[in-house]
Amino acid sequence: MIKNARNLLIKTLHESGIDLHPANSMRAKPAYPYLTYNITTAYIPQPFTKVEEKELIPSNDSRFEHDVAHREYEQAQMTISISSYSKDESEAINACKETLDFFRNVGYEKLADIGLIVVEVSTMQNRTVNIVDHYEFRYGFDVRLRFIDKTEVRLDTIETFNLKGDIDG
């Protein structure tokens, strides 16, 4: 679900005119200004939210009629760090603020519609670094998202068995 949540987030932002690039990538840097994302905490399970469900389903084994589908649903959260990069400080601040506003306003609804709930948006922080003889202006914030994590396994069943031999005892 984490990969799916990330992909849904990136797609929704892209459709809203916000292009994010992976922060930890070996690809060449995009042209300034640009935005990156980094999943800083991939999975934060929430206590007391797990729901289990079991259902008889047709068996994959022709010797048996049924198997059991065991599903677990759990609310979980992830934290994603968003950063803007530019040679110009004002440009970096503005790009960061526009993205932050997305999560606080229209993006909240768009993401909720696809099962990602914005739990918290942090304050915008200066993340500027000195690179040899110039500064790369960086501003960013963290956003915490809640989603439903679904796990499903198929459990084989033993519907009949034969005992052979003597039972001592």
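Exposed here means over 50% relative accessible area, and buried means under 20%. Keep those cut-offs handy for the exercises on this predicted model.

**Exercise 1. Work out whether Phe48 is buried or exposed, and say what its backbone does.**

Step 1: find the residue. Phe48 sits in the loop that links β2 to β3 (51-58).
Step 2: apply the cut-off. Its relative accessible area is 88%, so Phe48 is exposed.
Step 3: check the backbone. Phe48 isn't a glycine, yet its phi is positive, about 60°. Most residues other than glycine have a negative phi.

**Exercise 2. Do the same for Val132.**

Step 1: look in the loop between β7 (129-131) and β8; that's where Val132 is.
Step 2: with a relative accessible area of 80%, Val132 is exposed.
Step 3: Val132 has a positive phi too, near 55°.

**Exercise 3. Check the span of helix α1 and find which way its residues face.**

Step 1: count 14 residues, from 2 to 15, at 1.5 Å a residue. The expected span is 20 Å, and the end C-alpha atoms of α1 are 20 Å apart, so the two agree.
Step 2: pick out the buried residues of α1, which are Ala5, Leu9, Thr12 and Leu13. Viewed down the helix axis, they fall within an arc of 100°, so they line one face.
Step 3: turn to the face pointing away from that buried side. There you'll meet the exposed residues Lys3, Lys11 and Glu15.
Step 4: see what the buried residues of α1 pack against. Their partners include β1 (20-22), α2 (89-104) and α3 (106-113).

**Exercise 4. Follow Leu111 and list its contacts outside its close sequence neighbours.**

Step 1: go to helix α3, where Leu111 lies.
Step 2: at 0% relative accessibility, Leu111 counts as buried.
Step 3: skip neighbours within four places in sequence. What's left is contact with Leu9, Thr12, Phe102, Phe103, Leu116 and Val118.
Step 4: compare positions along the chain. Leu111 and Leu8 are 103 residues apart, but their C-alpha atoms are separated by 8.3 Å.

**Exercise 5. Describe the largest pocket and its lining.**

Step 1: start with the volume: the largest pocket holds about 200 Å³ of space.
Step 2: name some of the lining, including His21, Arg27, Tyr34, Tyr85 and Arg138.
Step 3: sort the lining by class, which gives six nonpolar, three polar and three charged residues.
Step 4: trace contributors. β1 and β2 (34-45) each supply at least two lining residues.

Terms used: Residues are numbered from 1 along each chain as its sequence is written. This is a predicted model: local features need pLDDT of at least 70, side-chain atom pairs count only at pLDDT 80 or more; totals for chains, interfaces and linings use all residues. Side-chain values use heavy atoms; hydrogens and water are left out. Helices (H or I, at least four residues) and strands (E, at least two) are DSSP runs, numbered from the N terminus. The expected span of a helix is 1.5 Å times one less than its number of residues. Buried means under 20% relative accessible area, exposed over 50%, partly exposed in between (1.4 Å probe, protein chains only). The arc is that of the directions from the helix axis to the C-beta atoms. Contact means heavy atoms within 4.5 Å. On a 1 Å grid over the protein atoms alone, a cavity is a set of points where a 1.4 Å probe fits but cannot get out, and a pocket is an open set with protein on both sides within 12 Å along at least five of seven lines; lining residues have an atom within 4 Å of a point. Grid points are joined across faces, edges and corners, and a volume is the space filled by probe spheres set on the points. Ala, Val, Leu, Ile, Met, Phe, Trp, Tyr, Cys and Pro count as nonpolar, Asp, Glu, Lys and Arg as charged, and the others, Gly among them, as polar.
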